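Me: I have a structure to go through and would like to ask about its helices and its core. Here it is.

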Amino acid sequence: MKARVYVMLKNGVLDPQGEAVRHALGSLGFDGVEGVRQGKVIELDLADGTTEATVTEMCEKLLANTVIESYRVELS
């Protein structure tokens, strides 16, 4: 079983990496980019029977800093 965890900074939290990407894109001539938010994707290979609740617990304890980040879990 696989899980994919998408982690993004919460709205209102400064995203300096996203701003650097936006600036770089502008420097390369891509003028239409008004904002960039950068996040991360974590892919987990899990034993059969692992529950979404277990993956959520992983996120809460390690994979996401829930003070400044939100996350979304997809199981497949």
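Me: How far apart are the end C-alpha atoms of helix H2 (residues 52-63)?

Reply: This is a predicted model, in which local features need pLDDT of at least 70, side-chain atom pairs count only at pLDDT 80 or more, and totals for chains, interfaces and linings use all residues. Residues are numbered from 1 along each chain as its sequence is written, and side-chain values use heavy atoms, leaving out hydrogens and water. Helices (H or I, at least four residues) and strands (E, at least two) are DSSP runs, numbered from the N terminus. H2 has twelve residues, and a straight helix would reach 16 Å at 1.5 Å a residue (1.5 Å times one less than the number of residues), but the ends of H2 are only 14 Å apart.

Me: Why do the buried residues of H2 line one face of the helix?

Reply: Buried means under 20% relative accessible area and exposed over 50%, with partly exposed in between (1.4 Å probe, protein chains only). In H2 the buried residues are Val55, Cys59 and Leu63. They line one face because, seen down the helix axis, the directions from the axis to their C-beta atoms fall within an arc of 50 degrees.

Me: Which exposed residues does the face of H2 turned away from its buried side carry?

Reply: The buried side packs against strands S1 (2-9), S2 (39-45) and S3 (69-75), with contact meaning heavy atoms within 4.5 Å. The face turned away from that side carries Ala53 and Lys61.

Me: Which residues does Cys59 touch?

Reply: Cys59 is one of the buried residues of H2. Not counting residues up to four places away in sequence, Cys59 touches Val5, Ala64, Tyr71 and Val73.
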